[in-house]
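This report describes selected features of a protein model. The sequence and structure are shown first, and the description follows.

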Protein chains: 4
Amino acid sequence: MPDASFAETSPETAGGGRQPIVTGADYVSSLRGRGLKVYFMGERVPEPVDHPVIRPSINAVARTYDLAVEDPDLATAWSSLSGRRVNRFLHVTESVDDVVMQNRMQRRLGQLTGTCFQRCVGMDAVNSLYSVTYDIDSARGSGYHRRFREFLIRMQRANLTLGGAMTDPKGDRSRAPSAQSDPDLFVRVVEHRPDGVVLRGAKMHQTGCLNSHWILIMPGTRLAASERDYAIAAAIPVDHPGLTYIYGRQSCDTRALEGGEIDQGNARFSGQEAMILIDDVFVPFECVFVDGETEFAATLVERFTGYHRRSYVCKTGLGDVLIGAAALIADYNGVAAASQVKDKLVEMAHLNETIYGAGIAASHESKPTSAGNFEPDGLLANVCKHNVTRFPYEMARLAQDLAGGLVATLPSEKDFDNPETSAQLRKYLRGRDGVKVEDRARVLRLIENMTLGRNAVGYLTESMHGAGSPQAQRIQIARQMKLDEKKKLAAALAGAGEDPGRS
Amino acid sequence: MPDASFAETSPETAGGGRQPIVTGADYVSSLRGRGLKVYFMGERVPEPVDHPVIRPSINAVARTYDLAVEDPDLATAWSSLSGRRVNRFLHVTESVDDVVMQNRMQRRLGQLTGTCFQRCVGMDAVNSLYSVTYDIDSARGSGYHRRFREFLIRMQRANLTLGGAMTDPKGDRSRAPSAQSDPDLFVRVVEHRPDGVVLRGAKMHQTGCLNSHWILIMPGTRLAASERDYAIAAAIPVDHPGLTYIYGRQSCDTRALEGGEIDQGNARFSGQEAMILIDDVFVPFECVFVDGETEFAATLVERFTGYHRRSYVCKTGLGDVLIGAAALIADYNGVAAASQVKDKLVEMAHLNETIYGAGIAASHESKPTSAGNFEPDGLLANVCKHNVTRFPYEMARLAQDLAGGLVATLPSEKDFDNPETSAQLRKYLRGRDGVKVEDRARVLRLIENMTLGRNAVGYLTESMHGAGSPQAQRIQIARQMKLDEKKKLAAALAGAGEDPGRS
Amino acid sequence: MPDASFAETSPETAGGGRQPIVTGADYVSSLRGRGLKVYFMGERVPEPVDHPVIRPSINAVARTYDLAVEDPDLATAWSSLSGRRVNRFLHVTESVDDVVMQNRMQRRLGQLTGTCFQRCVGMDAVNSLYSVTYDIDSARGSGYHRRFREFLIRMQRANLTLGGAMTDPKGDRSRAPSAQSDPDLFVRVVEHRPDGVVLRGAKMHQTGCLNSHWILIMPGTRLAASERDYAIAAAIPVDHPGLTYIYGRQSCDTRALEGGEIDQGNARFSGQEAMILIDDVFVPFECVFVDGETEFAATLVERFTGYHRRSYVCKTGLGDVLIGAAALIADYNGVAAASQVKDKLVEMAHLNETIYGAGIAASHESKPTSAGNFEPDGLLANVCKHNVTRFPYEMARLAQDLAGGLVATLPSEKDFDNPETSAQLRKYLRGRDGVKVEDRARVLRLIENMTLGRNAVGYLTESMHGAGSPQAQRIQIARQMKLDEKKKLAAALAGAGEDPGRS
Amino acid sequence: MPDASFAETSPETAGGGRQPIVTGADYVSSLRGRGLKVYFMGERVPEPVDHPVIRPSINAVARTYDLAVEDPDLATAWSSLSGRRVNRFLHVTESVDDVVMQNRMQRRLGQLTGTCFQRCVGMDAVNSLYSVTYDIDSARGSGYHRRFREFLIRMQRANLTLGGAMTDPKGDRSRAPSAQSDPDLFVRVVEHRPDGVVLRGAKMHQTGCLNSHWILIMPGTRLAASERDYAIAAAIPVDHPGLTYIYGRQSCDTRALEGGEIDQGNARFSGQEAMILIDDVFVPFECVFVDGETEFAATLVERFTGYHRRSYVCKTGLGDVLIGAAALIADYNGVAAASQVKDKLVEMAHLNETIYGAGIAASHESKPTSAGNFEPDGLLANVCKHNVTRFPYEMARLAQDLAGGLVATLPSEKDFDNPETSAQLRKYLRGRDGVKVEDRARVLRLIENMTLGRNAVGYLTESMHGAGSPQAQRIQIARQMKLDEKKKLAAALAGAGEDPGRS
């Protein structure tokens with residue numbers, strides 16, 4: 001008997017039985033009344049859509065829907081799978097250009113939201129599962145690929161938001177899943193039933209989960225043959241009663257509760273990071289896409305990260321915002337023409353475009369998979385992400401340099417409103433003539449937001465760890481750098497034997 | 001007639017007519033009941049000592065008093081000026097060793113508080129005014145030096161905390177003080193009276209002001225001969241009724257209001273940054289140490305920054321804490337033995353000691369001034385601070401790398417306390433065996449605190465702008481790098497004429 | 001009356017009246033007997049083809065011909081201009097793929113030669129002149145484009161090597177061409193005749209000039225309207241009697257004269273840098289492509305550098321060699337498995353691919369010009385080159401790290417041959433078991449060659465200054481970074497007015 | 001029976017039986033006629049003093065003698081050991097100031113020679129053997145310390161140059177000395193005789209060996225208890241017949257053979273790197289200072305590197321020259337006032353002084369050893385050297401940037417002298433008005449010399465590997481960074497247990 005929660009939240013009705021979602025407003029409506037178990041700061045959140053701390057992360061996803069309406073060439077694509085235009089975040093890449101367009105859309109959304117808009121994990125999970133299920137079927141004669149296509153078509157028709165969940169708690173990181181003191185520290189199948197599987201565990205750092213409609217659970221690490229229960233990929237509706245969400249704290253998160261707008265820096269948009277507890281959730285087989293094929297776990301991870309590490313060009317959109325903010329504050333301070341100021345802005349742009357270059361190059365160098373969809377160049381994708389673990393930090397440093405100390409000492413907007421202090425603050429906090437004091441404060445708060453505050457989580461820490469921490473990229477670069485070929489090149493020019501015994 | 005506020009708060013009684021301050025507790029008591037006009041988030045603060053957001057910054061200064069009791073060799077010195085041991089923060093350097101010991105004390109206090117302990121501005125102001133007043137007297141026959149010594153002896157006897165205030169609002173930064181649309185954008189004398197001067201203006205980014213007893217107002221920039229009214233150095237008691245303090249916001253400041261401890265990361269200690277409004281404050285001549293000698297403004301700034309830029313070795317104490325925290329979390333995660341982890345810790349230590357090297361070298365290379373006190377090598381001091389504008393950012397990046405993504409996604413401590421979520425959080429957020437989940441959370445919060453949160457202001461932004469923004473150091477390095485001598489060295493080895501026409 | 005030298009060296013016969021050049025050997029033959037006036041180390045070189053110092057640079061160009069034979073897909077293209085397959089270095093880009101394929105060919109030739117193969121300037125000059133002549137004609141009704149196409153068809157048919165010459169001596173670099181003490185410090189027209197122009201001046205740092213057949217002279221800087229005589233682009237046969245070549249010295253150049261092979265590191269291949277003196281050379285109008293249109297000088301420079309800065313992905317081919325050499329020597333030393341060794345190789349590869357990413361991205365993002373050929377994205381091209389001014393230096397540093405001190409202390413190969421020392425050297429200079437001492441020496445010499453020696457000129461110094469020094473890229477990045485758009489993005493998110501009065 | 005060679009070259013007479021050496025000229029004379037077996041480029045060198053390639057390295061050492069005459073405060077010291085002023089390079093440090101003065105002398109000599117002056121190894125070997133022999137005697141009751149003092153007094157009296165030899169060939173670097181296929185790959189005792197020991201092996205990369213009078217052989221690595229034969233420290237006269245020297249090649253070394261001066265860049269001074277073959281050399285016990293005490297090998301290495309890594313502040317003297325050269329060429333090119341030029345010079349100076357800061361700090365923080373001499377702070381010494389493995393490379397990069405492409409394309413000085421090309425070269429290679437073309441060429445050659453040419457070996461490669469390669473410093477930093485203390489600091493502030501079970 002299928003699990004009730006899946007029937008209730010079947011893709012077609014996950015938006016509440018309504019028409020397919022079109023606009024951001026539709027999307028926001030679709031999230032209401034789902035009865036999610038969400039906890040934040042020790043309390044259950046009655047309706048996440050209306051929670052001031054959570055809402056900005058919902059707004060960011062809503063922006064992706066609105067962009068699809070405003071600029072369909074950029075944010076939608078014709079899907080031969082479902083025979084209709086679909087949101088690009090749900091689209092299986094059918095050409096090199098499709099992969100490249102993902103990057104263009106990502107940068108644009110980064111520019112428009114100044115934060116993580118949270119839909120790339122789902123997009124990249126779709127594309128990697130598409131080909132991995134195909135490959136498993138080819139090797140094993142299983143039927144995952146058809147299942148997955150059907151699942152996806154239903155998502156596309158209803159235009160739902162699909163999250164992806166890969167990172168397990170991991171416990172002692174020096175140990176494999178099966179060697180942990182608690183076997184649940186990696187998500188696993190605790191029971192096989194005739195019609196499906198029961199999952200237990202947790203997923204960490206889930207960007208955009210409780211504002212999604214469905215979540216794709218995937219393994220996050222290479223597995224040994226004996227670790228079959230950990231080799232599971234499956235879709236679960238976000239409002240399944242067996243799921244609990246613990247909303248993570250972010251720097252300055254509670255400024256959203258203070259009633260003002262300026263001190264938030266970017267009041268409209270933020271990312272979202274939550275922990276998902278999976279408490280013995282039954283998943284019917286129609287929603288199971290990998291089940292025990294341990295040898296494909298590493299393939300799935302590698303293929304997913306191939307897409308996802310290049311998806312971090314989104315951060316160049318945030319970088320555009322930060323460069324703009326740094327230029328504005330320098331202008332407000334009257335120093336826009338100083339050579340050192342211009343030079344620092346150029347350096348920021350150079351670093352930002354260096355990230356973009358490697359990312360868009362990875363996409364341009366896409367190749368078709370056996371399943372027919374296109375995947376980016378793995379080496380360049382890793383190089384892109386690896387630069388993302390470095391350059392935004394340097395750009396944030398330069399932005400703080402240009403901002404001046406006020407970025408960290410500015411009084412609250414409430415002090416600007418307080419009649420006892422307002423006049424003096426406006427007198428003394430002016431910049432060059434013609435600049436409104438409030439504008440200066442707003443731009444400073446935006447820089448604070450992106451370098452120390454709420455969106456610093458998305459711009460810095462997530463840049464470090466999202467899609468894998470730096471060392472994960474280095475391992476992939478080591479694998480893909482073709483060292484033996486390079487040794488042969490050197491040996492040929494030096495006139496040396498290249499010593500094939502080693503690599 | 002002397003201003004009443006000065007009489008009421010004369011040095012001997014600034015601590016409330018009590019005995020000299022000895023312990024941190026004495027110091028905290030001395031701050032109570034001063035009736036300061038302090039505003040934070042739109043409201044007047046009734047008693048700053050008891051305000052949860054402000055108190056940690058008071059605790060940090062209190063720690064300096066306690067260290068003087070615990071380790072008098074480190075944190076006090078024999079003063080030939082007042083003929084007694086005095087707190088080192090009030091001590092006029094009488095030897096090279098005195099300058100070096102400042103650095104040792106600063107690093108230690110950085111280790112003990114993990115934040116800015118806020119007394120270095122005063123210490124460095126004392127030492128720079130000591131010699132500049134001497135030089136002005138030598139040139140002008142004025143009597144500033146004697147006044148300043150007397151003032152200082154009273155401070156030392158009462159063992160008060162002395163702040164320094166240098167940074168003006170500056171308005172359009174491309175314009176000189178006298179060219180601003182509002183002449184008050186740099187602190188200035190608005191009236192000369194027979195017995196003193198009346199000051200107006202504001203000072204920005206005041207580290208440790210409302211937890212001081214007196215503040216030394218000083219010019220912050222080079223002045224033209226016509227800008228006499230801006231050439232003013234004077235001492236004002238912090239509780240003067242003409243002063244108003246607007247407490248600046250810091251990242252995550254309101255976590256101190258939430259009632260818990262863990263989420264603050266470093267609940268006990270923080271820095272303090274406020275804006276001081278000076279509303280026509282009369283200062284009697286006995287507290288005036290520069291008055292119109294514009295040609296000494298640049299000297300004072302340069303001499304102060306000579307001391308102060310090297311004082312930033314304090315950040316190596318914070319760096320020690322951050323390295324330790326990164327090592328702890330790696331250990332908790334079970335990866336302490338991984339070569340990449342060890343390598344990143346070494347890199348952090350290398351950068352930290354590089355800062356220390358230049359700072360302590362500047363102190364070791366101190367020379368006596370005409371007034372007899374010792375001042376550090378200016379070039380190395382600037383080099384030290386310039387590295388401080390770079391390396392802590394890289395160290396913060398590495399610490400976030402080692403921390404893992406949880407540093408920015410960890411649930412609130414209240415979720416750990418909530419019975420609905422507590423058990424699951426404790427199950428899934430464990431590290432390697434033997435590590436308490438709460439310890440792991442605490443260390444992650446400390447890293448968040450220092451890289452994104454409250455003390456990131458002190459560790460990063462203040463490292464950037466305190467004692468002058470990076471470009472200010474570059475200008476000083478350019479002045480002191482002896483380029484003409486270097487050109488001669490090169491010309492001699494190359495056998496070229498060195499072209500004396502240019503530099 | 002046309003200048004005799006042009007008739008004698010008309011494109012069809014520049015190869016000596018023979019058939020079109022096909023192989024590298026054909027090419028080398030075509031260079032013989034041209035009677036060039038070449039000076040090196042104070043003496044005229046009788047036959048450059050046979051000069052040991054010059055020959056390796058000829059070999060590198062010869063390699064480009066051989067590659068066209070071995071891999072025509074990579075190194076040739078179908079030209080609709082001349083209706084035949086042509087060498088890619090002479091090809092006008094007809095698609096995005098044509099631009100991308102240039103990069104692939106460049107990287108491959110970098111791998112095969114380990115040095116600068118010197119033909120990119122000509123290729124990039126062809127493509128920029130192709131569209132600029134079209135634009136001038138459109139604006140002025142001139143006939144340059146037709147002339148240039150005809151010239152180019154003749155080049156393609158004979159399969160000649162075309163050099164490009166842009167960099168003038170420049171004298172006082174703070175002054176414009178017309179403001180120099182000597183007007184000849186930028187190449188200029190000293191006489192207009194009815195049938196052509198007479199040129200005078202010099203071109204500096206000419207990579208691949210005396211091993212070319214023809215040279216395209218172009219202006220190298222923005223020109224004022226009054227500087228018409230400096231706005232000249234023209235083709236001159238390399239063996240024109242009015243040209244003199246002074247061959248520049250390169251680090252370790254004379255090792256090629258010592259009779260051995262190992263000490264050269266890369267004995268077969270090198271770059272070539274010479275100064276060309278242009279002593280009143282008459283150029284008939286059929287070889288003149290810009291003549292006085294000063295307003296197009298900057299366009300030509302910018303368009304050329306757009307191609308050429310992205311052409312520096314060639315250095316990633318050299319980087320591949322250097323990475324391979326570093327891996328080999330680590331292996332020879334028995335430390336290939338050490339984590340720090342692997343990590344440094346990964347870092348080298350990461351930097352190398354970061355360069356490649358921006359370059360290949362610039363090519364992938366090519367757009368058609370009005371003339372119909374394709375040109376790369378200017379911003380990414382500049383970003384690529386700017387990374388080239390940094391990363392090869394860091395890669396060289398890492399290669400020296402991995403090489404060990406022996407890279408700079410190794411005895412001469414002659415000491416290995418000397419019976420008095422040979423046995424001892426072979427005894428003591430062995431690496432791990434199974435490695436030939438001579439192989440170890442060869443690889444060390446290759447690393448020396450690329451980091452200190454002859455090809456360090458091509459790998460490092462040319463990476464710095466070729467296609468414009470770093471500041472030239474920063475100026476272009478500043479122009480193309482769309483700062484006003486970025487300011488608008490930031491202002492929108494901050495809720496601030498973006499202050500349109502400034503940029 | 002003592003070995004004849006030791007008698008012949010006893011310290012008192014090593015200078016040929018003459019008076020103690022005083023001037024550089026005395027020193028040069030003392031090197032003549034020693035009959036050394038020196039090989040360079042396959043031939044035995046009849047008289048090294050007169051060999052154009054070798055002489056500049058002798059000149060550099062001679063400069064150390066002349067400095068002692070010119071500035072005795074800087075380059076000599078009063079020795080309580082021999083009761084006289086002695087050359088500082090032979091002086092046992094008797095105070096903190098003595099250690100600091102070494103650094104000042106080193107920087108000055110770097111400025112005066114622009115290269116490695118080769119005497120620091122000996123100086124640092126003296127100081128480390130001084131205390132290690134003392135410690136061995138204390139532990140073992142041996143008599144090494146007295147022997148060493150007597151040896152040293154004789155050196156001081158005769159004012160001889162003492163080299164140090166530490167680096168063994170090492171073969172397979174992953175294996176210990178006793179695990180090599182050939183046991184001679186580390187220097188070892190092959191025979192114990194009643195009156196001394198017989199040594200065999202080789203020492204690599206010997207900076208300043210054949211221009212020394214005596215050489216101190218020391219172990220270069222940690223040894224196992226079973227590797228007693230490798231635990232040997234001893235003094236051997238340079239002209240011992242059992243020693244053979246193979247002179248290493250350096251970039252551009254043979255320019256010294258061309259007869260000119262300009263192309264050498266720095267014609268007077270260079271470093272020297274040679275390999276020493278030790279062919280069963282008998283050393284009488286009076287010259288043996290460690291013999292089998294394996295447990296002190298690591299101590300000796302660590303103590304030596306403590307001195308020697310801080311000795312690399314010498315490179316800041318070279319840095320001064322390079323900064324000066326970069327400033328000169330910018331001036332010659334007419335761009336000295338450009339903001340980007342000034343900024344790059346400031347950056348170079350900042351990096352240079354950062355090196356100096358850590359080095360001089362290590363010296364200032366010296367502590368007395370049990371033997372009574374002073375040794376620098378080990379952590380800061382390692383930090384100093386580690387920066388030396390990075391910053392000179394970046395400074396070289398910046399110098400090449402400022403130099404312009406001509407640094408690698410400049411014609412030979414012989415072309416300037418050739419009447420066929422001289423006038424044209426002088427016409428076209430001028431810089432701004434008033435600058436001599438030859439001066440411009442000379443400064444460019446100096447920059448080439450230091451960044452690609454002969455002294456790039458000393459400024460770059462030796463900076464990388466001298467006193468231990470980068471990884472060696474990282475290991476020492478790891479050992480000395482007091483990670484456990486730092487963990488405790490972090491745990492205290494976070495309120496966490498610090499988990500003493502791990503480090």
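How many residues does the contact take from chain C and from chain D? The contact takes 81 residues from chain C and 81 residues from chain D. The model discussed here is predicted.

## Interface of chains C and D

About 6,900 Å² is buried between chain C and chain D, and 56% of this area lies on carbon and sulfur atoms. On the side of chain C, the residues that lose the most area to chain D are Arg249(C), Arg397(C) and Tyr428(C), which together make up 12% of what that side buries.

Between chain C and chain D there are 10 salt bridges. One of the salt bridges links Arg249(C) to Asp263(D), with the closest N and O atoms 3.1 Å apart. Arg249(C) is thus named twice, as it is also among the residues of chain C that lose the most area to chain D. Polar contacts between the two chains amount to 42 residue pairs, both residues being at pLDDT 80 or more. Helix H16 of chain C, residues 454–465, gives the most to the side that touches chain D, namely 6 residues. By class, that side of chain C holds 28 nonpolar, 27 polar and 26 charged residues.

## Interface of chains A and B

Chain B places 81 residues in contact with 81 residues of chain A. The area buried between chain B and chain A is about 6,900 Å², and carbon and sulfur atoms give 57% of it.

The count of salt bridges between chain B and chain A is 10. A salt bridge joins the side chains of Arg249(A) and Asp263(B), at 3.1 Å from N to O. A further count gives 42 residue pairs in polar contact between these chains, both residues at pLDDT 80 or more. The largest share of the side of chain B that touches chain A comes from helix H16 of chain B (residues 454–465), with 6 residues. The classes on this side of chain B are 28 nonpolar, 27 polar and 26 charged residues.

## Two buried residues in contact across chains A and B

Pro411(A) lies in the loop between helix H12 (391–403) and helix H13 (413–417) of chain A. Why does Pro411(A) count as buried? Pro411(A) counts as buried because its relative accessible area is 1%, under the 20% limit. Beyond its neighbours within four places in sequence, Pro411(A) is in contact with residues of chain A, including Asp263(A), Leu425(A) and Arg445(A), and with residues of chain B, including Tyr247(B), Gly248(B) and Met275(B). Leu425(A) is 14 residues from Pro411(A) in sequence, and the C-alpha atoms of the two are 8.7 Å apart.

Gly248(B) is placed in the loop between strand E10 (243–247) and strand E11 (273–284) of chain B. With a relative accessibility of 2%, Gly248(B) is likewise buried. Setting aside residues up to four places away in sequence, Gly248(B) touches Thr409(A), Leu410(A) and Pro411(A) in chain A, and Phe40(B), Glu273(B) and Ala274(B) in chain B.

## A mixed sheet in chain D

Chain D contains an open sheet of 6 strands in the order E2-E1-E10-E11-E7-E6, with mixed pairing. Its edge strands are E2 (43–44) and E6, each of which pairs on one side only.

Strands E1 (residues 37–40) and E10 (residues 243–247) of chain D pair in the parallel sense over 3 bridges. Within this pairing, Lys37(D) has Thr244(D) in E10(D) as its bridge partner. Strands E6 (residues 188–193) and E7 (residues 196–207) of chain D run antiparallel and are joined by 5 bridges. His192(D) has Val197(D) in E7(D) as its bridge partner, and a hairpin of 2 residues connects E6(D) to E7(D).

Conventions. Residues numbered from 1 in each chain as written. Chains lettered and ligands numbered in written order. Predicted model: local features only at pLDDT ≥ 70, side-chain atom pairs only at ≥ 80, totals over all residues. Heavy atoms only, no water. Pairing = 2+ DSSP bridges. Helix = DSSP H or I, 4+ residues; strand = E, 2+ residues; numbered from the N terminus. Buried < 20%, exposed > 50% of the residue type's maximum accessible area, 1.4 Å probe, protein only. Contact = heavy atoms within 4.5 Å. Buried area = accessible area lost by both parts, 1.4 Å probe. Salt bridge = Lys/Arg side-chain N within 4 Å of Asp/Glu carboxyl O. Polar contact = N/O pair within 3.5 Å; in protein donor to acceptor, adjacent residues only side chain to side chain. Nonpolar A, V, L, I, M, F, W, Y, C, P; charged D, E, K, R; others polar.
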